[in-house]
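This report goes through one protein model for a reader who has not met it before. The sequence and structure come next, followed by a description of selected parts.

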Amino acid sequence: MTEIDQLERSITEAIAAASDEQAIEAVRVAALGKKGTISERLKTLGAMSPEERQSMGPVINGLKNRVTDALAARKAELKDAAIAVRLAAEKVDVTLPVRQSPAERGRIHPISQVIDEIAAIFGDLGFSIAEGPDVETDYYNFTALNFPEGHPAREMHDTFFFNPDANGDRKVLRTHTSPVQIRTMETQKPPIRIVIPGKTYRQDSDATHSPMFHQVEGLVIDKTANVANMKWVLEEFCKAFFEVPSVKMRFRPSFFPFTEPSLEVDIQCDRSRPGEVRFGEGSDWMEILGCGMVHPNVLRAGGLDPDEYQGFAWGMGIDRIAMLKYGMPDLRAFFDADVRWLAHYGFRPLDMPTLFGGLSN
Ligand code: DAH
């Protein structure tokens with residue numbers, strides 16, 4: 001074997017052994033670089049005799065050309081292999097589910113969820129939403145709602161009073177959402193069909209009472225609205241809210257200064273299974289709301305003529321119906337801001353409750 005043959009074999013082996021583009025480049029430099037083994041051989045041609053050059057020229061140039069071709073071929077091979085490795089490593093399975101974004105991981109508080117559900121149900125029945133201030137005057141919270149001065153019903157509300165102002169008037173934290181009835185009548189002509197969700201405050205605190213809680217009020221005023229209409233609206237609401245095909249409701253006579261007649265509503269339920277309440281079946285009753293025909297004095301306070309207009313109203317505890325629907329036993333946990341509780345009882349932010357898409361799923 002000639003020396004050139006040996007050189008070719010060793011370069012060929014080095015090319016075959018090169019496992020990446022960096023290694024093949026090192027082989028190229030070692031053979032064809034300025035001081036490479038083949039380049040050094042090419043330089044020797046100049047010093048040869050013409051006869052020698054004639055025989056060695058093609059040998060060395062032939063070697064150079066074969067090595068050049070082999071290097072290019074191996075380089076292409078390694079490049080393809082590198083791409084194949086990257087493709088395998090960086091493969092994306094586009095059929096996998098989308099990773100939850102941080103916004104998706106947050107949770108909607110059950111109170112907000114239930115308010116959205118209430119809005120969806122009453123929105124579908126043609127109601128709009130109304131709101132009013134949490135800090136109210138005694139006039140809107142009591143007087144305009146037909147609570148006479150010194151009437152014992154005022155004490156029953158366990159009101160939070162602010163310090164008196166310069167005129168001796170004391171603002172209150174509203175004890176119910178009913179003042180928004182008056183504020184709405186003052187600014188809106190009948191027919192009025194509104195629901196009023198919001199925060200309410202009373203000095204009361206235990207497992208089922210919180211000093212800050214939530215109510216939703218309803219008000220319908222037109223020329224003919226009557227008790228039968230009211231019963232239908234409340235029944236439709238209860239069926240839709242509790243997501244049951246039928247509910248039995250019991251209307252009991254009651255007293256509220258702002259309605260006449262006044263009624264309290266119980267719904268039939270089954271409490272035989274511990275820790276669970278089912279609606280639309282069973283032999284128990286549970287009180288869920290107060291309602292009645294709007295008192296003529298309340299219509300007058302709202303600037304409406306009771307000989308022309310009439311209507312009905314109701315008020316309901318949001319926290320209470322949320323606890324009933326979603327089986328949350330302790331109201332205090334609602335306001336603890338404990339993310340573990342929220343992760344368990346909260347709702348996915350993009351699942352807006354609608355009647356066609358489902359309220360709670
Ligand atoms: N405001 C009452 C309360 O806080 C609830 C209520 C009862 C509201 C009867 C009404 C109603 O509109 O007609 O206990």
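Where in α4 does a kink lie? The model is a predicted one, and in it α4 bends by about 35° at M56, shortly before the proline P58.

**Helix α4 and its surroundings**

Helix α4 covers residues 50-89. Its 40 residues should span 58 Å at 1.5 Å a residue, and the C-alpha atoms at its ends are 57 Å apart, which agrees. The buried residues of this helix are G57, I60, G62, L63, V67, L71, R74 and L78. They pack against three other helices, namely α1 (3-17), α2 (21-32) and α3 (37-44).

R74, one of these buried residues, has a relative accessibility of 18%. R74 forms a salt bridge with E77, with the closest N and O atoms 2.5 Å apart. The two residues sit three places apart in α4, so about one helical turn separates them. In general, residues three or four places apart in an α-helix point the same way, because the helix has 3.6 residues a turn. E77 is partly exposed, at 47% relative accessibility.

R74 also meets a residue from another part of the chain. A18 lies in the loop between α1 and α2 and is buried, with a relative accessibility of 3%. Although A18 and R74 are 56 residues apart in sequence, their C-alpha atoms are 8.3 Å apart in space. Neighbours within four places in sequence left aside, A18 is in contact with A23, I24, R74 and L78.

**Salt bridges**

The whole structure holds 18 salt bridges. Three of them are listed here.

| Pair | Closest N to O distance |
|---|---|
| R74 and E77 | 2.5 Å |
| D134 and R174 | 3.6 Å |
| R332 and D330 | 3.2 Å |

Which parts does the bridge between D134 and R174 tie together? D134 lies in the loop between β1 (128-129) and β2 (135-136), while R174 lies in the loop between β3 (172-173) and α9 (179-187), so the pair joins parts 40 residues apart in sequence. D134 is partly exposed at 26% relative accessibility, whereas R174 is buried at 2%.

In the bridge between R332 and D330, R332 is partly exposed, with a relative accessible area of 43%. D330 is also partly exposed, at 28%. Elsewhere, R250, R252, E264, D266 and E287 form one network through salt bridges that share partners.

**Nonpolar cores**

The largest nonpolar core has 47 residues, and F237, F242 and W314 touch the most other members. The elements giving two or more residues to this core are α6 (110-124), β5 (212-222), α10 (227-242), β7, β9 (284-294), β10 (310-317) and α12 (318-326). The largest share, seven residues, comes from α10.

F242 is in contact with I267, F279, I321, L324 and K325, when its neighbours within four places in sequence are left aside. Another core lies apart from the largest one and has 22 residues, among them Y140, I196, F258 and V294.

**E260 and the cis peptide bonds**

The unreviewed UniProt entry lists E260 under "binding site"; such annotations may be inferred rather than shown by experiment. E260 belongs to strand β7, residues 259-270, and is partly exposed, with a relative accessible area of 48%. Residues up to four places away in sequence not counted, E260 touches M293 and H295.

The peptide bond from E260 to P261 is cis, with omega near -5°, and P261 is also found in strand β7. A second cis bond runs from P190 to P191, with omega near 5°. P191 lies in the loop between α9 and β4 (192-201).

**Positive phi values**

Most residues other than glycine have a negative phi, and most peptide bonds are trans. Which residues described here have a positive phi? E243 has a phi near 55°, and phi of A337 is near 55° as well.

E243 is in the loop between α10 and β6 (249-254) and is partly exposed, with a relative accessible area of 37%. A337 is in the loop between α12 and α13 (339-345). With a relative accessibility of 74%, A337 counts as exposed.

Conventions: Residues numbered from 1 in each chain as written. Predicted model: local features only at pLDDT ≥ 70, side-chain atom pairs only at ≥ 80, totals over all residues. Heavy atoms only, no water. Helix = DSSP H or I, 4+ residues; strand = E, 2+ residues; numbered from the N terminus. Buried < 20%, exposed > 50% of the residue type's maximum accessible area, 1.4 Å probe, protein only. Contact = heavy atoms within 4.5 Å. Core = buried A, V, L, I, M, F, W, Y, C linked by side-chain atoms within 4.5 Å. Salt bridge = Lys/Arg side-chain N within 4 Å of Asp/Glu carboxyl O. Expected span 1.5 Å × (residues − 1). Bend = angle between axes of the 7 residues up to and from the residue.
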